[in-house]
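Trainee: Got a minute to go through this one with me?
Mentor: Sure. Put it on the screen and ask away.

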Amino acid sequence: MPDVFICLEEFSVKITMLGTGAALPDPDRAQSSILVTLENGKNYLFDCGEGSTRQMVKANINPADVPWVFLSHLHYDHVCGLPFFVLSSWVFNREGKLKVFGPKGTQDFVDHSFENGAFRVDIQARAAYPARQKNIEAVRPEVFEVEPGLMYEDEDVKIYIDVVDHIPTEITDCFGIRMEAEGKVVAFSGDTAPCESMIRLAQDADLLIHECTFPESFLKHRAESGVGTFAHTSPLQLGEIARKANVKSLVATHFGHYDSTSPVIKRAAGNHLPVDLMGPERLDEVARDIRKSYKGDLRLATDLMRIDL
């Protein structure tokens with residue numbers, strides 16, 4: 001059963017952690033994805049890694065009822081579920097275009113995915129049926145490539161972004177996110193090393209959802225081995241960020257498989273993780289390290305964890 005954190009009052013903002021893993025196909029964690037649902041039923045999706053749509057259905061949310069997707073950055077574990085989400089929403093009778101917000105490169109990604117890209121043949125075949133032709137706009141997402149500042153606003157929410165420290169900016173921007181809705185503030189880090197922009201975005205937030213991809217020892221190993229990016233946040237650093245930002249509640253997420261017991265994952269991770277240290281006990285270490293600086297409400301994310309504000 002997924003962990004559940006529910007307040008006794010009626011929620012005004014519900015957060016569902018659809019995916020809490022990282023880049024590998026973890027049997028216990030889908031890739032990064034967070035769904036925010038307002039009391040009026042509006043759904044806002046942040047990142048769309050592998051498994052996002054399936055998890056959405058498990059959480060009793062129709063993918064066609066999610067009109068907005070906000071991408072923190074374009075690493076595949078944050079976006080590779082987007083084509084499946086779009087196509088599934090089409091089959092689930094989405095009305096109108098999905099709106100996709102993301103950094104530079106998002107338009108190119110979308111252009112190469114649908115009618116003029118990877119799923120051209122599938123869309124051509126299905127569009128021969130009147131029901132699919134009727135809502136063909138569902139496979140034509142409207143893309144907004146965004147810059148720091150106010151990314152999106154409607155009568156219920158304001159969503160701000162700023163550049164964080166992950167992929168070199170000459171390749172593309174990576175964004176941290178702050179959402180203000182129903183008198184609540186939820187901040188989401190995407191992937192990042194500790195940086196002042198994320199502390200600003202999270203300032204006084206009711207909830208900070210922040211990556212905690214590797215423990216300190218794993219980050220050191222990756223930096224020394226030169227395999228993959230090490231622009232991530234350790235538990236010790238995350239505790240400091242949450243304390244400095246004065247957040248009421250913290251959810252650590254985007255775990256880099258260091259808690260996995262899967263033999264397949266361990267073999268795949270052998271080149272870039274200290275496999276002999278992997279296991280569920282690492283989560284105890286993570287919590288202890290965060291607690292060295294942060295004394296507020298703390299949760300270590302699991303898939304389908306629900307948080308009500």
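**The sheet and its surroundings**

Mentor: Strand E12 (residues 207–211) and strand E13 (residues 249–253) pair in the parallel sense, over 4 bridges. Keep in mind that this is a predicted model.

Trainee: Which residue in E13 is the bridge partner of isoleucine 209?
Mentor: Valine 251.

Trainee: What is the strand order in the open sheet?
Mentor: The order is E8-E9-E10-E11-E12-E13-E14, so to speak left to right as listed, by the DSSP strand numbering. That makes 7 strands, with mixed pairing.

Trainee: Which are the edge strands?
Mentor: Strand E8 (149–153) and strand E14 (297–300). Each pairs on one side only.

Trainee: And how many degrees of twist from one strand to the next?
Mentor: The average is 20 degrees.

Trainee: Which helix lies across E12 and E13?
Mentor: Helix H9, residues 235–245. Helix H9 runs at about 155 degrees to E12.

Trainee: What about E13 and E14, which helix lies across those?
Mentor: Helix H11, residues 281–291. The angle between H11 and E14 is about 155 degrees.

Trainee: Let's zoom in. Where is leucine 250?
Mentor: In strand E13.

Trainee: Buried or exposed?
Mentor: Leucine 250 is buried, because its relative accessible area is 0% and the cut-off for buried is under 20%.

Trainee: What is leucine 250 in contact with, leaving aside neighbours within four places in sequence?
Mentor: The list includes Leu207, Leu208 and His210. Leu238 and Ala242 are also among the contacts of leucine 250. So are Ile290, Tyr294, Asp297, Leu298 and Arg299, to give further contacts from that list.

Trainee: How many residues apart along the chain are leucine 250 and tyrosine 294?
Mentor: 44. Their C-alpha atoms are separated by 8.9 Å.

Trainee: New topic. Where does threonine 106 sit?
Mentor: In helix H4, residues 106–111. Threonine 106 is buried, with a relative accessible area of 0%.

Trainee: What does threonine 106 touch, leaving aside neighbours within four places in sequence?
Mentor: Leu71, Leu74, Val100, Val143 and Glu145 are in contact with threonine 106.

Trainee: Now the surface. Which residues make the nonpolar patch?
Mentor: Val57, Val91 and Phe92. The patch covers about 240 Å².

Trainee: Where is valine 91, then?
Mentor: In helix H3, residues 82–91.

Trainee: Why does valine 91 count as partly exposed?
Mentor: Because its relative accessibility is 40%. Partly exposed is what lies between under 20% for buried and over 50% for exposed.

Conventions. Residues are numbered from 1 along each chain as its sequence is written. This is a predicted model: local features need pLDDT of at least 70, side-chain atom pairs count only at pLDDT 80 or more; totals for chains, interfaces and linings use all residues. Side-chain values use heavy atoms; hydrogens and water are left out. Two strands pair if DSSP finds at least two bridges between them. Helices (H or I, at least four residues) and strands (E, at least two) are DSSP runs, numbered from the N terminus. Axes are lines fitted to C-alpha atoms, for helices over the stretch in contact, and angles run from 0 to 180 degrees between N-to-C directions. Contact means heavy atoms within 4.5 Å. Buried means under 20% relative accessible area, exposed over 50%, partly exposed in between (1.4 Å probe, protein chains only). Patches are made of residues with over 30% relative accessible area and no salt bridge: like charges are joined within 9 Å, nonpolar side chains (Val, Leu, Ile, Met, Phe, Trp, Tyr) within 5 Å. Accessible areas come from the Shrake-Rupley method with a 1.4 Å probe; for residues, only the protein chains shown count as cover. A salt bridge is a side-chain nitrogen of Lys or Arg within 4 Å of a carboxyl oxygen of Asp or Glu.
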